[in-house]
Amino acid sequence: MKKYLAEMVGTFVLTFLGCGAAVSLNCGVDVASVVGTAIAFGLAVVAMAYTIGGISGCHINPAITLGVWMSGRMNAKDCGMYMVFQVIGAIIAAALLALLVSLDPGLAEGTTTGANACASENVVNGLVAEIVLTFIFVLVVLGATAKTNGATNNFAGLAIGLALILIHLVGIHYTGTSVNPARSIGPALFEGGKALSQLWVFIVGPFVGGALAACVWKLIDTEEK
């Protein structure tokens, strides 16, 4: 149970700090807000990797959990429970953000919780972006944490966090960047509207990308089973 709770706490922190930065910076209005939001998500991952990595592996993302399970690194029960607790953590974070904004609407303009939405209503564009970006992200996670990396996997948290910053710099323009179903489910429940109607994109896309990453990693992984 401790590792499940760790995943809940980790996903809470990622969602609260990442989406909180998006709200506070009014992400998307200028280059600085996009860069700031990207850095916030990346640093949140780094912080949690070195906080709960030794407890749960710090997935804090159902797409990563799917990739890890498909790679044979965890069992089906843990895979399902990780995802459940990740979503719970994201919902709690989004609820707290929504509460803070409701108490002072001036804190955010045009958004209440940093929810995702596809640019220009182009869901196909958004779906492709989420698949490709999640594929890259999960591939980095699987590679950085692989035993074949030897001592360098001690720096996996840093590599993963930096990769997430790069992914956000690319993806914010297209979807606001999710690459994480839990991080999208929580905010969408409180944002409603377009974010909720397009939520399927931010669930299907990351899961497809994560599954593809697991398949590719199994092809190139040199670790003996």
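A residue is called buried here when its relative accessible area is under 20%, exposed when that area is over 50%, and partly exposed in between. The exercises below apply these terms to a predicted model, whose chain has a mean pLDDT of 90, with 93% of its residues reaching 70 or more.

**Exercise 1. Determine which residues of helix α9 are buried and what covers them.**

Step 1. Begin with the extent of the helix: α9 runs over residues 201-220, which makes 20 residues, and the distance from its first C-alpha to its last is 28 Å, close to the 28 Å expected at 1.5 Å a residue.

Step 2. Going along α9, the buried residues are Val201, Phe202, Gly205, Pro206, Gly209, Gly210, Ala211, Ala213, Ala214 and Trp217. In reading such a list it helps to recall that an α-helix has 3.6 residues a turn, so residues three or four places apart point the same way.

Step 3. The cover over these buried residues of α9 includes α3 (62-70), α5 (123-144), α6 and α7 (181-191).

**Exercise 2. Decide whether helix α7 is largely enclosed or largely open, and name elements that cover it.**

Step 1. Of the 11 residues of α7, 8 are buried, and therefore the helix is largely enclosed by the rest of the structure.

Step 2. The buried residues of α7 are Pro181, Ala182, Arg183, Ser184, Ile185, Gly186, Pro187 and Ala188.

Step 3. Elements that cover them include α1 (2-24), α2, α3, α4 (76-103), α8 and α9. Two of these elements mark the ends of the confidence range, since among the elements of the chain α8 (residues 193-197) has the lowest mean pLDDT, 87, and α3 the highest, 96.

**Exercise 3. Find the salt bridge of the structure and describe the setting of each partner.**

Step 1. Side chains of opposite charge can pair when their charged atoms come close. A search of the whole structure finds 1 salt bridge, which joins Asp78 to Lys3 with the closest N and O atoms 2.9 Å apart.

Step 2. This pair links distant parts of the chain, Asp78 lying in helix α4 and Lys3 in helix α1, 75 residues apart.

Step 3. With a relative accessible area of 10%, Asp78 is buried, whereas Lys3, at 30%, is partly exposed.

**Exercise 4. Locate the nonpolar surface patch and say which helix supplies its largest share.**

Step 1. The patch covers about 540 Å² and is made by Val31, Val35, Ile39, Leu43, Leu166 and Leu169.

Step 2. Helices α2 (31-56) and α6 (156-175) each supply at least two of the patch residues, and the largest share, 4 residues, comes from α2.

Step 3. Leu166, one of the patch residues, lies in helix α6; because its relative accessible area is 57%, Leu166 counts as exposed.

**Exercise 5. Examine the positive phi values of Asn26 and Ile60 and place each residue in the chain.**

Step 1. Most residues other than glycine have a negative phi, and most peptide bonds are trans.

Step 2. Asn26, although it is not a glycine, has a positive phi of about 55 degrees, and its place is in the loop between α1 and α2. The preceding helix, α1, has 23 residues that should span 33 Å at 1.5 Å a residue, and the 32 Å between its end C-alpha atoms agrees with this.

Step 3. Ile60, likewise a residue other than glycine, has a positive phi near 40 degrees and sits in the loop between α2 and α3. Its relative accessible area is 2%, so Ile60 is buried.

Terms used:
Residues numbered from 1 in each chain as written. Predicted model: local features only at pLDDT ≥ 70, side-chain atom pairs only at ≥ 80, totals over all residues. Heavy atoms only, no water. Patch = residues over 30% accessible without salt bridge, like charges linked within 9 Å, V, L, I, M, F, W, Y side chains within 5 Å. Areas by Shrake-Rupley, 256 points an atom, 1.4 Å probe, with all protein chains shown as cover. Salt bridge = Lys/Arg side-chain N within 4 Å of Asp/Glu carboxyl O. Buried < 20%, exposed > 50% of the residue type's maximum accessible area, 1.4 Å probe, protein only. Expected span 1.5 Å × (residues − 1). Contact = heavy atoms within 4.5 Å. pLDDT = per-residue confidence, 0-100.
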